[in-house]
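Biologist: Could you take me through this model one feature at a time, with the reasoning behind each answer?

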Amino acid sequence: MLPRVWFCWISSLVLLASGCRGGAESGLAPPTPRVVSLHDVTTEIAVALDAADGLVGIAELVDPTPGVRALTVHLPHVGSLESILALRPSLVLGLDITLQQEPALVARLKNEGVSVYLARPEDVEAVYEMIRELGARLGVAERARELRDQLAQRIEQSSVTTRVPKRVFVYDCCDPPFSAGGRGVLSQLISRAGGHNIFSDVDDDWVSVSWEEVLARRPELVVLHAYDHEGQADVAGKRTQLRKIPGLGELPTTVIPLGCSLGGLRSAEGLERLRQALEDLT
């Protein structure tokens with residue numbers, strides 16, 4: 001599962017079909033792919049790889065950096081079968097949530113000859129592999145190696161190896177709460193920052209829990225997600241909700257943009273924010 005915003009979005013997105021069949025003639029360089037990106041994570045990587053010129057459409061951005069928004073503001077947003085078909089994509093990028101929610105439509109894409117890459121970044125190694133794979137598919141493999149190495153170096157430099165872990169509760173949204181399980185990259189980032197995700201034993205990336213379960217696991221820090229979708233940037237409202245729960249309202253909190261938690265290039269920023277918040281507890 002992914003944060004609630006992606007369930008809301010993906011269920012309304014009528015995916016994908018296309019008769020465009022890119023491919024190179026023998027002896028010629030392959031044509032530049034016509035790319036549709038269905039997730040902030042893959043859109044941001046394409047931009048960072050200097051491959052934004054190949055993007056012909058994107059899903060509406062949920063939590064982009066200002067730079068990514070500026071470089072993609074001219075692109076049409078996909079949101080229906082017709083809007084995607086009109087763009088004639090040869091390559092569709094996104095995360096595995098698309099396959100989970102719309103397997104038949106993904107199969108239809110492939111049957112039509114459209115190349116599909118849907119990543120599932122459960123840890124930082126999977127993030128590195130996603131960068132490599134996108135670089136290969138976008139024809140910028142060398143740039144992808146550089147980007148991967150830069151990200152890996154930043155993550156390793158920010159990782160903590162000697163600290164008694166502090167218990168961390170991720171409050172994405174909602175009542176009952178939606179939180180991070182053990183299979184997502186965020187849980188690993190918390191560990192690398194010197195913390196322990198209190199729901200790391202849950203075999204899923206995102207999970208609905210109860211306030212009683214949260215209290216029973218005795219968190220010492222609450223991570224609040226902020227993102228611009230259906231009021232989820234209203235961090236004050238989330239703090240108000242926490243104050244309604246005896247034992248949680250007095251806990252320290254830190255705010256992390258959703259884009260830092262989903263397993264993309266902003267993973268390093270997420271790690272640095274988490275590390276600082278945990279250091280502030282000592």
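The exchange below goes from the sheet to the disulfide, the backbone and the aromatic rings.

Modeller: This is a predicted model, in which local features need pLDDT of at least 70 and side-chain atom pairs count only at pLDDT 80 or more, while totals for chains, interfaces and linings use all residues. Residues are numbered from 1 along each chain as its sequence is written, and side-chain values use heavy atoms, with hydrogens and water left out.

Biologist: In what order do the 4 strands of the open sheet lie?

Modeller: Helices (H or I, at least four residues) and strands (E, at least two) are DSSP runs numbered from the N terminus, and two strands pair if DSSP finds at least two bridges between them. The pairing in this sheet is parallel, and strand S7 (195-197) and strand S10 (253-257) are the edge strands, each pairing on one side only. Read across the open sheet, the order is S7-S5-S9-S10.

Biologist: Which residue of S7 is the bridge partner of Lys166?

Modeller: Strand S5 (residues 166-171) pairs with S7 in the parallel sense, over 3 bridges. In S7, the partner of Lys166 is Gly195.

Biologist: What angle does the direction of helix H9 make with that of S7?

Modeller: Contact here means heavy atoms within 4.5 Å, and by that criterion helix H9 (residues 185-192) packs on the sheet, touching S5, S7 and strand S9 (221-226). Axes are lines fitted to C-alpha atoms, for helices over the stretch in contact, and angles run from 0 to 180 degrees between N-to-C directions. For H9 and S7 the angle is about 155 degrees.

Biologist: Which cysteine is the disulfide partner of Cys173, and is Cys173 buried or exposed?

Modeller: A disulfide is taken as a pair of cysteine sulfur atoms within 2.5 Å, and the structure holds 1. Buried means under 20% relative accessible area, exposed over 50% and partly exposed in between, using a 1.4 Å probe and protein chains only. Because its relative accessible area is 1%, Cys173 is buried. The sulfur atoms lie 2.3 Å apart, and the partner is Cys174.

Biologist: What is the omega of the peptide bond from Asp175 to Pro176?

Modeller: Most peptide bonds are trans. Pro176 lies in the loop between S5 and strand S6 (178-180), and the bond from Asp175 to Pro176 is cis, with omega near 5 degrees.

Biologist: Why does Arg218 count as exposed, and what is its phi?

Modeller: Arg218 lies in the loop between helix H10 (211-216) and S9. Arg218 counts as exposed because its relative accessibility is 52%. Its phi is a positive value in a residue other than glycine, near 50 degrees.

Biologist: Why is the pair of Phe169 and Phe199 called edge-to-face, and how far apart are the ring centres?

Modeller: Rings of Phe, Tyr and Trp (its six-membered ring) pair if their centres lie within 6.5 Å, and planes under 30 degrees apart count as stacked, over 60 as edge-to-face and the rest as tilted; the count comes to 5 aromatic pairs. The planes of Phe169 and Phe199 stand at 70 degrees, so the pair is edge-to-face, with the centres apart by 6.5 Å.

Biologist: Which residues form one aromatic cluster with Phe169 and Phe199?

Modeller: Another edge-to-face pair, at 5.3 Å centre to centre and 75 degrees between the planes, is formed by Tyr171 and Trp211. Tyr171 lies in strand S5 and Trp211 in helix H10, so this pair ties together parts that are 40 residues apart in sequence. The residues that join Phe169 and Phe199 in one cluster are Tyr171 and Trp211.
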